[in-house]
Amino acid sequence: MKKNTNVKILVVDDEKVHRFMLTSLFREWGWQAAEADDGITAVAAVREGAFDAILMDVRMTAMDGMEALQRINAINPAIPVVIMTAYSSVDSAVEAIKMGAHDYLTKPLDFDRLRQTLEVAMQHKRQGEEGRPDELREAGADTGIIGASKPMRELLDMVVQVAPTEASILITGESGTGKELIASALHNQSLRVNGPLVKVNCAALAENLLESELFGHEKGAFTGADRRREGRFLQADGGTLFLDEIGETAPAMQAKLLRVLQEHEVQRVGGQDTIKVDVRIIAATNRDLEQDVASGRFREDLYYRLNVVVLHMPPLRERHGDIPLLAQHFLKFYAHRNKRQVAGITPECMDLLVRYPWPGNVRELENSIERGVILMRGEYLDVGVMPLALQRWAGENVSAEQPEEPATLKDAERILIVKTLEETGGNRSEAARRLQITRKTLLNKIRNYNIQ
Ligand SMILES: Nc1ncnc2c1ncn2[C@@H]1O[C@H](COP(=O)(O)OP(=O)(O)OP(=O)(O)O)[C@@H](O)[C@H]1O
Ligand SMILES: [Mg+2]
């Protein structure tokens, strides 16, 4: 960025030395700087003047940063607020981001990072003023994420909020709930979108292989290492690294990951040099990491590093409302892919899809629909082409509250005959009399409809 003296930053910190250091730094960068020594003064300053960004300490005596953040947001939500926090209280940074802070920085401040963060924040503000990137607000729009239920809308709102920050993100949730999909959405809506998104499945490799996969190795580091290789961290430089199934990593690996996250540098296996990397981490797991921390299976310090922001993917059974949307979406997708004419899903089949508990979540739903589209004969997807597990479940879980509803005249006739026979205790002559048909006609119909 060129020197730009139109830029005005408000520094909020109760330590005079800090304020002095920061305002001097900003002036050196050609920016204007104002200062406030507590939250109250900061709020008053925002009421009176326009700022392009605010850099604020969380912990201050008279009105802390959190409260000040809320008030500033209420007065002028367009001003990006960047929070400063100590490493030891990263959880308050999470709070701050949830409350609308643009980003957070940990102390001691890294000046390059500080400048980059503030520039990005101001760029956002300008774009906001030009009325542009609220396209980000329409989360899901171009992400391919389907979901209109309340839990999904809340989740997508969180994605929009945290994607453009540098915060590490931990995505939790059962298998098949869409963790990887969300990771891609986070990268695509981040400021690193033009950088690479590199995905590593930590469960897929043995411990020693994972280490060289992640950090690279020198030639001759181990048998078979016939040349030097860059690891995934370096490949992801300037972008995002997605560490899938992080809960499966061994303790030694966890220690190495923690080091990279803290130092922002890696060391190849068998190598001596440390190499700087600029990578944002998104991790995912279907394990209960908190419990793993309690049982000593997962390092607590790494856990706290990763879970600055946690996005929890709700299981599909807790958002039935999304099932028809997802089902229609997959139906269209697989009909197109398999070049099949498909008109829709029968009501019985949709009823089953909505009631089934989906232990494999969205992936199981997707697979079921794909299979159905391949097997179906008519134009409508019906229960008959659903996987056996679903059909069996449907057999055992006939919806009790739903009496059989006739769809055709024949259905209606069959249901009426069954009902009358039940009422007459199986007395066919009496049933025929009530139905005003001959006994012979009734017997014919019983045979035709295969009534027991
Ligand atoms: N909300 C959604 N909208 C559209 N497709 C979805 C949605 N959620 C999941 N899917 C699809 O379901 C499949 C499984 O999703 P994904 O691989 O992201 O799950 P996961 O949580 O990473 O599972 P695992 O823990 O087993 O790795 C993918 O094909 C994905 O595209
Ligand atoms: Mg996955």
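The following exchange concerns a predicted model and the ligand it holds.

Colleague: Which residues come nearest to ligand 1?

Modeller: The model is a predicted one, and 18 residues stand around ligand 1. Those that come nearest are Ile 146, Ser 175, Gly 176, Lys 179 and Glu 366.

Colleague: How many residues of the shell around ligand 1 are charged?

Modeller: The residues of that shell divide into three classes, of which the nonpolar one has seven members and the polar one has six. The charged residues of the shell around ligand 1 number five.

Colleague: Which helices each supply at least two residues of the shell around ligand 1, and which domains each give at least three?

Modeller: Among the helices, α7 (179-188), α13 (322-337) and α15 (361-375) each supply at least two residues of the shell. As for domains, the shell draws at least three residues from each of two, namely domain 2 (150-312) and domain 3 (317-396).

Colleague: What share of the exposed area of ligand 1 does the protein bury?

Modeller: Polar contacts to oxygen atoms of the ligand include one from a backbone N or O atom of Gly 176 at 2.8 Å, one from a backbone N or O atom of Thr 177 at 3.3 Å, and one from a polar side-chain atom of Arg 363 at 2.9 Å. Taken alone, ligand 1 exposes 630 Å², and the share of this that the protein buries is 85%.

Colleague: Is Phe 333 buried, partly exposed or exposed?

Modeller: Phe 333 has its place in helix α13, and its C-alpha lies 43 Å from that of Ala 255, a residue 78 positions away in sequence. Buried would require a relative accessible area under 20% and exposed one over 50%. Because the value for Phe 333 is 39%, this residue is partly exposed.

Colleague: Where is a cis peptide bond found?

Modeller: The bond in question has an omega of about 0°, and Pro 108, one of its two partners, is found in the loop between β5 (103-107) and α5 (111-129). The cis peptide bond joins Lys 107 and Pro 108.

Colleague: Asn 450 has a positive phi although it is not a glycine; is this residue buried or exposed?

Modeller: Asn 450, whose phi is about 60°, lies in the segment after α19 (439-448). Since its relative accessibility is 57% and the limit to be passed is 50%, Asn 450 counts as exposed.

Colleague: How many disulfides does the structure hold?

Modeller: Cys 202 is buried at a relative accessible area of 3%, and Cys 349 is likewise buried, at 0%. A disulfide would need a pair of cysteine sulfur atoms within 2.5 Å, and the number of disulfides that the structure holds is zero.

Terms used. Residues numbered from 1 in each chain as written. Chains lettered and ligands numbered in written order. Predicted model: local features only at pLDDT ≥ 70, side-chain atom pairs only at ≥ 80, totals over all residues. Heavy atoms only, no water. Near = heavy atom within 4 Å. Polar contact = N/O pair within 3.5 Å; in protein donor to acceptor, adjacent residues only side chain to side chain. Areas by Shrake-Rupley, 256 points an atom, 1.4 Å probe, with all protein chains shown as cover. Helix = DSSP H or I, 4+ residues; strand = E, 2+ residues; numbered from the N terminus. Nonpolar A, V, L, I, M, F, W, Y, C, P; charged D, E, K, R; others polar. Domains from an automatic or database assignment. Buried < 20%, exposed > 50% of the residue type's maximum accessible area, 1.4 Å probe, protein only.
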